Amino acid sequence: MRLSVRGLTYRYPGSDTDVLSGVELEIPSGTTVAIVGPSGSGKTTLLALLGGLLPVQDGRIVARSSDGSVHRVSEVATWALQTVSLLPDRTTLENVCLGAFLDGATRAQAREVAMERLRDMGVEGLAATPARFLSGGEAQRVGLARALASRRPVLLADEPTGQLDARTTDGVLDAMMGASRRTVVLVTHDLAAARRCDMRFRLRSGSLVAAEDASA
Ligand SMILES: Nc1ncnc2c1ncn2[C@@H]1O[C@H](COP(=O)(O)OP(=O)(O)OP(=O)(O)O)[C@@H](O)[C@H]1O
């Protein structure tokens, strides 16, 4: 799924400045893209606009599949958010099954794919644990497993490794960027994660600039 962003400008209601001004972005199908930039530069806002959580005020966002058909990103994307919202009284496995139910999987299919994604994230031992007992980092990995349990071709991820140590982050990124060849938009402060992406952009003064090296 190819994503195109043209002239995207956004201002929060009541504010007198644009958070984003004229953002241009072209993401070929199956490409992983990191969006970096200082705190408050508008990264989460851009992701929210991409996924339809905020209404587009000015500009255009299009998702196009290889046959040329056009989609709303919200219909083809799955999310991994900074603050993971799991159902606290349901088990880890049940929470991850929800990702597969999004695609219309049967209960048996959902359980199979959910167990695979939990293994990818190294948390399969927690399958039967109610989500309310998980640590922050465990919950984050379960949230990512839930996102990846869906076959939707676009993954929008906001700091999905923010609560993980470096070694765990590596394994999680392997799974996230692995075989499925999704189009991934990753908002991150984690330079190691940004460097693993095919392309990197920095938000500066409301616009995106190519970031060869994600360090500055
Ligand atoms: N609902 C809102 N109403 C008004 N202003 C907002 C709202 N949400 C965010 N902002 C402002 O928009 C700007 C961009 O915020 P955003 O969360 O997109 O930045 P960010 O780059 O993701 O930051 P961080 O790295 O700290 O998560 C900030 O100045 C923030 O205060």
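How many nonpolar, polar and charged residues does the shell around the ligand have? Keep that question in mind as we walk through this model, which is a predicted one.

Let's start at the ligand. The residues around it include a run that you can follow along the chain: Pro-38, Ser-39, Gly-40, Ser-41, Gly-42, Lys-43, Thr-44 and Thr-45. Tyr-12, Val-19 and His-189 are also among the residues around the ligand. Sorted by class, this shell has 3 nonpolar, 7 polar and 1 charged residues, which answers the opening question.

Now look at the side chains that reach oxygen atoms of the ligand. Lys-43 places a polar side-chain atom 2.7 Å from a ligand oxygen. For Thr-45, an N or O atom of the side chain is 2.5 Å from an oxygen atom of the ligand. His-189 has a side-chain N or O atom 2.8 Å from a ligand oxygen. As for cover, the ligand on its own has 640 Å² of accessible area, and the protein covers 55% of it.

Next, turn to a pair of helices. Two packed helices are described by the angle between their axes and the distance between the axes. Here the pair is α3, residues 92-101, and α5, residues 136-148. Their axes come within 6 Å and cross at roughly 35°, and the crossing is right-handed.

Which residues of α3 and α5 meet? From α3 come Thr-92, Asn-95, Val-96, Leu-98 and Gly-99, and from α5 come Val-142, Ala-145 and Arg-146. By class, this contact of α3 with α5 has 4 nonpolar, 3 polar and 1 charged residues.

Conventions: Residues are numbered from 1 along each chain as its sequence is written. This is a predicted model: local features need pLDDT of at least 70, side-chain atom pairs count only at pLDDT 80 or more; totals for chains, interfaces and linings use all residues. Side-chain values use heavy atoms; hydrogens and water are left out. A residue is near a molecule or strand if one of its heavy atoms lies within 4 Å of it. A polar contact is a pair of N or O atoms within 3.5 Å; within protein, one must be able to donate a hydrogen and the other to accept it, and residues adjacent in sequence count only if both atoms are side-chain atoms. Accessible areas come from the Shrake-Rupley method with a 1.4 Å probe; for residues, only the protein chains shown count as cover. Ala, Val, Leu, Ile, Met, Phe, Trp, Tyr, Cys and Pro count as nonpolar, Asp, Glu, Lys and Arg as charged, and the others, Gly among them, as polar. Axes are lines fitted to C-alpha atoms, for helices over the stretch in contact, and angles run from 0 to 180 degrees between N-to-C directions. Helices (H or I, at least four residues) and strands (E, at least two) are DSSP runs, numbered from the N terminus. A crossing is left-handed if the near helix is turned anticlockwise from the far one by less than a right angle, and right-handed if clockwise. Contact means heavy atoms within 4.5 Å.
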